[in-house]
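Subject: Structure handover and notes

Dear colleague,

I am passing on the structure below, together with some notes on what turned up when I went through it. Please read the notes with the coordinates open beside them.

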Amino acid sequence: MSHLSILPTVLRDAEGLAASLNAMGQSPIWGGQLEGFAGESQPVVLQVALAGGERLGWMRHADGSLALVGDLQRLSRSQTLQRLLGRITKRYAAEMALRQASSRFPGAQVSVVV
């Protein structure tokens, strides 16, 4: 594994991200460390193991946003990863919209149909 990179995102809600990952068939793990090259590691709030054995994680920035953490140099060469990140972002947006609708309309039943 090469150097771990940290990429800012617009994601802010770790619970919403975890729900999104679960809905996509991923198994998010709360906490832990992502390991990089030569003993480098980065603490993360949430992480997932990908099919190829790579891991992606999200750490909390001081402003409350979640930053993507991973071996982005290696992962950026993967079209599958690029599609996965797009799907995660879309699912997260849907999850947050559902949560907002539920809070604005108590008692209403809202869901995502895929």
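I begin with one residue, V69, which counts as buried because its relative accessibility is 0%, where the cut-off for burial is under 20%. Please keep in mind throughout that this is a predicted model.

V69 sits in strand β7, and its contacts, leaving aside residues up to four places away in sequence, are with S5, I6, L34, Q42, V44, R55, L56, G57 and M59. As for the separation between V69 and S41, the two are 28 residues apart along the sequence, while their C-alpha atoms lie 10 Å apart in space.

The strand around V69 is mostly covered, in that five of the five residues of β7 are buried. Two directions can be told apart within β7: L66, L68 and G70 point one way, A67 and V69 point the other way, and all of them are buried.

On the sheet, five strands make an open arrangement in the order β1-β7-β6-β5-β2, with antiparallel pairing. Its edges are β1 (5-8) and β2 (29-30), each of which pairs on one side only. β7 pairs with β1 in the antiparallel sense over four bridges, and in that pairing L7 has L68 of β7 as its bridge partner. β7 also pairs with β6, again antiparallel and over four bridges, where M59 is matched with A67 of β7. The hairpin that β6 and β7 form has five residues between the strands, and G64 in this hairpin adopts a positive phi near 95°. Towards the other edge, β2 and β5 are joined by two bridges in the antiparallel sense, with W30 standing opposite L46 in β5.

Next, the nonpolar cores. In soluble globular proteins, nonpolar side chains tend to be buried together. The largest nonpolar core here comprises 19 residues, and those with the most contacts inside it are L17, L21, L50, L56, W58 and I88. Two or more residues of this core come from each of α1 (14-23), β5 (46-49), β6 (55-60), β7 (66-70), α2 (72-75) and α3 (79-104). Another core, of six residues, lies apart from it, and L4, L34, V44 and A67 are among its members. Returning to L17, which belongs to the largest core, I find that L17 touches L11, L46, W58, L66, I88 and Y92, when residues up to four places away in sequence are not counted.

For the protein as a whole, the secondary structure amounts to three helices and seven strands, and from the N terminus on the elements follow one another as β-α-β-β-β-β-β-β-α-α. The C-alpha trace spans about 50 × 30 × 20 Å along its principal axes. Of the 114 residues, 34% are buried, and among contacts between residues at least 6 apart in sequence, 52% join residues at least 24 apart.

At the surface, the protein exposes about 6,800 Å², of which carbon and sulfur atoms supply 55%. There are 11 positive and 8 negative charges, and the mean positions of these two sets are 9 Å apart.

With best regards

Definitions and conventions: Residues are numbered from 1 along each chain as its sequence is written. This is a predicted model: local features need pLDDT of at least 70, side-chain atom pairs count only at pLDDT 80 or more; totals for chains, interfaces and linings use all residues. Side-chain values use heavy atoms; hydrogens and water are left out. A nonpolar core is a set of buried Ala, Val, Leu, Ile, Met, Phe, Trp, Tyr and Cys residues joined through side-chain atoms within 4.5 Å. Buried means under 20% relative accessible area, exposed over 50%, partly exposed in between (1.4 Å probe, protein chains only). Contact means heavy atoms within 4.5 Å. Accessible areas come from the Shrake-Rupley method with a 1.4 Å probe; for residues, only the protein chains shown count as cover. Lys and Arg count as positive and Asp and Glu as negative; His and the chain ends are not counted. The place of a charge is taken as NZ of Lys, CZ of Arg, CG of Asp or CD of Glu. Two strands pair if DSSP finds at least two bridges between them.
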